Every structure is written in structure tokens, then in C-alpha cells.
Amino acid sequence: SGLAVGQDVAPKPRFEVASVRPFTPRPGSAGIAPKQNPEHLVISATVRFLIQRAYGLENYQLVGPESLGTSWGVAANAAPGTTQEQANLMLQSLLEERFHLTFHHAMKEFKVYNLVAAKGGVKLKDSIPTDGCSMGAVSVGGKACGPRAEQFGIAKAASSAGPGAVMTSPKGLMASKNADMASFARALRTQAGELVLDKTGLSGKYDLRMEFAAVDLRTQRPAEPDSPLPSIFDALQQQLGLKLDPAKTMIEVMVIDHVDAMPTGQLSLLE
């Protein structure tokens, strides 16, 4: 996702009422997922997440101090009919007024993998209506979902996560229903170890299912050392006709110049 224009001259909309209170997440938890209602925003998360949400950033696009890791609960109300885009602008206003957020943009070099078609062409299956166990669990060859997919609960996971979400099990099953390549590339990052950029040129939606030897995200070592499954790199080529090409590229990032560790006031009524 591209960086927002940010600090422009035009005034941004503001929440009618907003509260910001300290929040302590459970161990191992990043926070509470935001409720998807632009008129009633409820988020409990780190300042980093709040900024990412407000400005439409991926984690790698944000460079800032340790204070971005402090957690806060935000509850805010907007006028009826407020869109998600307007709510994001209101969250920007809240961050700039309450946390005194200031920033600038810069270019930064990243090691990346470009997701491209492998030799011989892609082997992707166009998304089709499915239900039950087959939700996102049909391979290129038409392999019906088996015990691994059922154990992973791909139908339930895909249904709860929403259309296009790419789900990955700790044991090495990646699947989705109606996913685009940009979403798939983002999901590959955790297993590939570097940022993955979609360079396939494919604009369709696909049903994806791939089994591979997973990496334990806590240790970055194989989750099952003796796994007979192929690596994520080999699985992509063998099962989906895609590959990851290593590269370096310059990407625009947001660099935080200042953000308060403690926001002003615990409750703010915005006129």
C-alpha cells in the first residue's frame, strides 16, 4: 500500500468525541482487533498500529522511536454516514492533536523477493463458489481437502477472516478463497523472511492451496525438522507455478519526527 499524502494544508475531519486510555495487552497479544464500523471506532493497540491504520501503511513503511510500542485504547464516535476513508482521516487528526505526531517521508532500500511467474507458467485456479471443507482448500490438480486441511479448519478460518484473506497454519498449509496476488505476496513474507512484492502482473482472484515445510516464526527454524514437504520456495514453483526472485528496491517510508509517549488528556470532546 502506498503512503498517504499526510501533512497537507486542507483541514482534516475530526471525531465528534474521542477517548484515549492506557491499555495493557495480554502476553503474546498485539492488542484487540478494531471493530469495522467507521461511525464507532474502537481500537486497542500500539501507537505503531494506530499510525499504520490511519495512514494506510504496512509495518515496514514506518520508521520511528520505541514509544511507538506503547499501547492505548481508542474509542471514538463520528457522524452517521462517515466512510472508512473519512474515519482514517479523523484518526490522523487524533494522532496529530493528541500525540502531537509529526513526520516526513524518505526513501529506504529493502531486500525483497519479487513474486513472478515460474518457467512454464502459473498454475492457479480461478476462484469459484465453494462451501464446506473446500473453502480455499482445492489445489491446482483438484485435490480435495484432506485431514490436514480439515484439522486446520480452512473453511471456518476463511469465512471468519473474510473473502480474500490468506490463512497459514503453523504446520505448513497456506490457503485462501478469492485471493488476489497482492494479498498472497503479503502472506508469503512471514515464511520467506523478506518483504515479498507482487510482480506477477495478474489481476484475477484465485483459490489457493499450498503445502510446504513451515518455519517457526519464533525461532525462524523449521517447525518440523524432518518434514517431507518442500520449502516455501520449491512449493511455490511445484504447486502454483510461481517463484521468488531476490532483489533490492527503494521504497517510500514514513519517518516519525515526534510522537508523545503520553497523549494529552484522557478524554477529549472534539468540537
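Helix axes here are lines fitted to C-alpha atoms over the stretch in contact, and angles run from 0 to 180 degrees between N-to-C directions. The model on screen is predicted.

**Stop 1: helices H1 and H2**

Select helix H1, residues 47-55, together with helix H2, residues 84-98. Two packed helices are described by the angle between their axes and the distance between the axes. For this pair, the axes come within 8 Å and cross at roughly 135 degrees. Angles over 145 degrees would count as roughly antiparallel and 65 to 115 as roughly perpendicular; H1 and H2 are therefore oblique to each other. Their crossing is left-handed.

Show side chains at the contact. From H1, pick Leu50, Ile51, Arg53, Ala54 and Tyr55; these meet Gln84, Asn88, Leu91, Gln92, Leu95 and Glu96 of H2. Coloured by class, the contact has 6 nonpolar, 3 polar and 2 charged residues.

**Stop 2: the surroundings of H1**

Keep H1 selected and turn on a surface. How many of the 9 residues of H1 are buried? The count is 7, and the helix is mostly covered. The buried residues are Val47, Leu50, Ile51, Gln52, Arg53, Ala54 and Tyr55. To see what covers them, add strand S2 (40-46), S3, strand S4 (71-77), H2, S5 and S13, which are included in the cover. Then step just past the end of H1 to Gly56, where phi is positive at about 65 degrees.

**Stop 3: His100**

Follow the chain out of H2 into the loop that leads to strand S5 (102-117), and select His100 there. Most residues other than glycine have a negative phi, and most peptide bonds are trans. His100, although not a glycine, has a positive phi of about 50 degrees. Its relative accessible area is 36%, so His100 is partly exposed.

**Stop 4: the mixed sheet**

Next, select the open sheet whose 4 strands run in the order S3-S13-S5-S9, with mixed pairing. Strand S3 (62-63) and strand S9 (195-198) each have a single partner strand, so one side of each has no neighbour in the sheet. At the S3 edge, look at the pairing with strand S13 (residues 242-258): the two run parallel and are joined by 2 bridges. Val63 is a useful marker here, standing opposite Val255 in S13.

**Stop 5: the antiparallel sheet**

Move to the other open sheet, ordered S6-S10-S8-S7, where 4 strands pair in the antiparallel sense. Its edge strands are S6 and strand S7 (166-168), each pairing on one side only.

Cross it strand by strand:

- S6 (residues 125-126) to S10: 2 bridges, antiparallel. Asp126 stands opposite Tyr206 in S10.
- S10 to S8 (residues 173-179): 5 bridges, antiparallel. Ala175 stands opposite Arg209 in S10.
- S8 to S7: 3 bridges, antiparallel. Met167 has Ala175 in S8 as its bridge partner.

**Stop 6: strand S10 and helix H5**

Isolate S10, residues 206-211. Which residues point one way from S10, and which the other way? Tyr206, Leu208 and Met210 point one way, while Asp207, Arg209 and Glu211 point the other. Both sets are buried, in keeping with a count of 6 of 6 residues for the strand.

Finally, add helix H5 (residues 181-192), which lies across S7, S8 and S10. Viewed against S10, the helix runs at about 20 degrees.

Definitions and conventions. Residues numbered from 1 in each chain as written. Predicted model: local features only at pLDDT ≥ 70, side-chain atom pairs only at ≥ 80, totals over all residues. Heavy atoms only, no water. Pairing = 2+ DSSP bridges. Buried < 20%, exposed > 50% of the residue type's maximum accessible area, 1.4 Å probe, protein only. Contact = heavy atoms within 4.5 Å. Parallel < 35°, antiparallel > 145°, perpendicular 65-115°, else oblique. Left-handed = near helix turned anticlockwise from the far one by under 90°. Nonpolar A, V, L, I, M, F, W, Y, C, P; charged D, E, K, R; others polar.
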